Amino acid sequence: MSETKEVRTRFAPSPTGFLHVGGARTALFNYLYAKAQGGKFLLRIEDTDQSRSTEDSFKMILESLQWLGIGWDEGPGVGGPHGPYIQSERISIYKQYTDKLIAEGKAYRCFCTQEELEIKKKQAEAMGVPYVYDGLHANMSEEEVQEKIKQGIPYSIRFKTPSKNLIIDDIIQGKVKFDTKLIGDFIIVKSDGFPSYNYAVVIDDALMKISHVIRGVGHLSNTPRQVMIYEAFGFPIPEFAHVSEIVGMDGKKLSKRAGATSILAFKDLGYLPETFVNYMALLGWTSPDGQEYLPGGLPKKIFDIHRCSKSPSTFDVFKKPKTEDEVVTNFSNLDQIAEAMNPKSKLNWLSNKYIRELPISQITNSLLPFLKDRTDIPEIVKNPNDPTLQSIVDSVRVYLDSLRQAPDYIAEFFVSDLKIQGDEAKEILNQDSSPIVVRKFYELLKNNEPKTDEDYKGLMASAGEQTSQKGKSLYMPIRVVATGKAHGLELPILFPLLGKEKLLKRIEKSALDAGISLT
């Protein structure tokens with residue numbers, strides 16, 4: 001292929017469900033490579049499976065790509081010189097090419113019923129040999145064919161497979177050899193008149209001038225069929241790159257537990273699109289300098305499909321399942337998905353980096369959907385430009401692995417009727433040293449004017465020195481009377497944002513409820 005030829009890649013999903021991780025990575029790699037090479041990225045919808053394709057799935061795929069920031073140069077809603085970009089609208093195009101193959105003796109009508117084919121498959125299984133179609137109708141005369149058509153006998157159309165050895169020089173997998181005798185004559189047009197995947201994809205890719213076919217390694221076995229169709233039409237053969245398999249923490253191929261999770265679920269779980277794009281880019285690809293945090297759209301500038309690995313890539317977002325049957329099946333239940341997630345995943349590490357380093361206004365703007373239904377956060381604060389919200393988020397974002405965690409932290413600052421929550425918190429205040437610590441900290445707070453986190457650290461340290469308490473016996477009683485809980489934000493972060501007066505009132509309320517005298 002000429003080095004000056006424009007790089008043109010495509011993503012061609014079937015609208016039979018939501019966009020999952022494997023499909024999204026395929027779309028991303030095609031998009032990134034085209035952009036890095038100054039080329040074009042196309043979106044094509046392969047809806048020839050009419051019984052399973054739905055409008056809702058189509059819309060969900062578009063929404064997922066748009067959220068990820070994967071824009072297409074040609075395709076649905078955008079148009080382009082090689083449309084239509086929906087396969088069901090291209091049936092007449094496929095028919096022209098099918099008629100050509102039949103006329104040239106490179107394809108033929110097959111009148112075998114499904115029942116007959118099943119019998120042949122079972123016979124092959126019983127003999128312990130791979131099933132290959134026997135070409136029963138390959139040499140029928142035109143008169144015989146027309147007679148069967150006249151009788152209304154349903155038929156499919158099969159490609160007449162030449163006997164040869166094919167060598168595919170794959171960018172990622174290297175040279176792969178195929179013996180076409182093990183493939184046999186395969187169906188290119190189904191009995192319902194719709195083209196098979198392997199057939200339509202070749203015609204579409206050729207007419208849309210696709211230069212690089214980048215897809216999952218599971219499609220490698222489809223490649224010899226497609227190459228033979230390219231050759232039959234005299235089409236230029238694109239370069240193939242089959243990216244590695246994605247496996248879970250158990251080393252097994254992604255299944256219901258992780259692979260079937262909708263990309264939009266990660267949006268609802270509070271991950272930024274920049275984070276998820278960065279994470280997916282690393283599933284089978286490494287940057288030239290080995291860096292993993294790639295902000296500012298860097299993958300779009302440096303991505304090279306030649307740097308992809310043949311080895312499986314680990315999707316570490318979900319914990320290793322404890323049993324074979326443990327799966328995430330209720331994808332509308334975000335709490336269930338969140339519970340199955342691995343807190344130490346690379347996704348969370350990247351997410352924390354992005355949340356800490358992106359402009360605060362971008363974070364607060366992305367945070368709004370998570371604040372919408374929170375009645376414990378004042379409406380006046382639910383504004384991305386609100387200085388109070390920005391100040392709070394700027395203080396707590398170092399602790400966030402996802403934006404979904406933020407509302408609980410934010411609500412901490414607006415508690416008006418503080419109550420001691422949970423047995424652990426109550427037990428902390430029941431310890432012998434706790435009332436002494438609380439009284440001393442309250443006294444120091446009342447008699448000083450702390451402003452910064454260092455000021456509050458100093459007050460707590462002084463309370464520890466004067467009561468001979470340290471560690472948990474010092475900080476935990478202060479935390480409980482200040483927040484009502486045994487766990488939460490670091491106190492030096494929380495206290496300056498609450499301010500002295502609000503903090504004093506909180507301690508007074510908690511001490512009263514716990515029966516602790518402050519005098």
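Reader: Before we look at any one residue, what does a contact mean here?

Author: Contact means heavy atoms within 4.5 Å. With that cut-off, Ile305 touches Phe29, Tyr33, Ile171, Ile172, Ile214, Ala241 and Val243, leaving aside residues up to four places away in sequence. Keep in mind that this is a predicted model.

Reader: Okay, so how do I read a nonpolar core, and which residues have the most contacts inside the largest one?

Author: General idea first: in soluble globular proteins, nonpolar side chains tend to be buried together. Here the largest nonpolar core has 112 residues, and Ile305 is among those with the most contacts inside it, along with Phe266, Phe315, Phe441 and Phe495. Helix α1 gives the most to this core, with nine residues. Apart from that core lies another, of 36 residues, including Phe159, Phe186, Val189 and Ile203.

Reader: Now pockets. How many residues line the largest pocket, and which are closest to its centre?

Author: The idea is simple: rolling a probe the size of a water molecule over the atoms shows where empty space is left. In this model, the largest pocket holds about 1100 Å³ of space. It is lined by 41 residues, and the closest to its centre are His20, Gly22, Gly23, Thr26 and His219. By class, that lining has 17 polar, 14 nonpolar and ten charged residues.

Reader: Which elements supply at least two residues of that lining?

Author: Those are β1 (8-11), α1 (21-36) and β8 (212-216). The largest share, four residues, comes from α1.

Reader: Which residues does the "HIGH" region annotation cover?

Author: An unreviewed UniProt entry annotates residues 13-23 as "short sequence motif: 'HIGH' region". Over residues 13-23 the chain is 27% helix and 0% strand, with the end C-alpha atoms 7 Å apart.

Reader: And the second largest pocket: what lines it?

Author: About 310 Å³ of space lies in the second largest pocket. Its lining has 16 residues, with Tyr131, Arg158, Asp185, Phe186 and Ile187 closest to the centre. Two or more lining residues come from each of α4 (114-127), β7 (186-189) and α6 (197-207), and α4 gives the most, with three. By class, you get nine nonpolar, three polar and four charged residues.

Reader: What about backbone geometry? Where is there a cis peptide bond?

Author: As a baseline, most residues other than glycine have a negative phi, and most peptide bonds are trans. In this chain, a cis peptide bond joins Gly83 and Pro84, with omega about 0°. Pro84 sits in the loop between α2 (55-68) and α3 (91-103).

Reader: Which residue in the loop between α6 and β8 should I check for phi?

Author: Try Lys209, which lies in that loop. Lys209 is not a glycine, yet has a positive phi of about 60°. Ser468 also has a positive phi, near 60°, and is found in the loop between α18 (453-467) and α19 (472-483).

Reader: Is Ser468 buried or exposed?

Author: Exposed means over 50% relative accessible area. Ser468 counts as exposed because its relative accessible area is 64%.

Reader: How about Val481: buried or exposed?

Author: Val481, in helix α19, is buried, because its relative accessible area is 1%. Among its contacts, again leaving aside residues up to four places away in sequence, are Leu418, Leu429, Val438, Arg506, Ile507 and Ser510. Val481 and Ala511 are 30 residues apart in sequence and 6.6 Å apart in space, C-alpha to C-alpha.

Notes. Residues numbered from 1 in each chain as written. Predicted model: local features only at pLDDT ≥ 70, side-chain atom pairs only at ≥ 80, totals over all residues. Heavy atoms only, no water. 1 Å grid on protein atoms, 1.4 Å probe; cavity = no way out; pocket = protein on both sides within 12 Å on 5 of 7 lines; lining within 4 Å. Points joined across faces, edges and corners; volume = space filled by probe spheres on them. Nonpolar A, V, L, I, M, F, W, Y, C, P; charged D, E, K, R; others polar. UniProt positions renumbered as here; feature names shortened; annotations may be inferred. Core = buried A, V, L, I, M, F, W, Y, C linked by side-chain atoms within 4.5 Å. Buried < 20%, exposed > 50% of the residue type's maximum accessible area, 1.4 Å probe, protein only.
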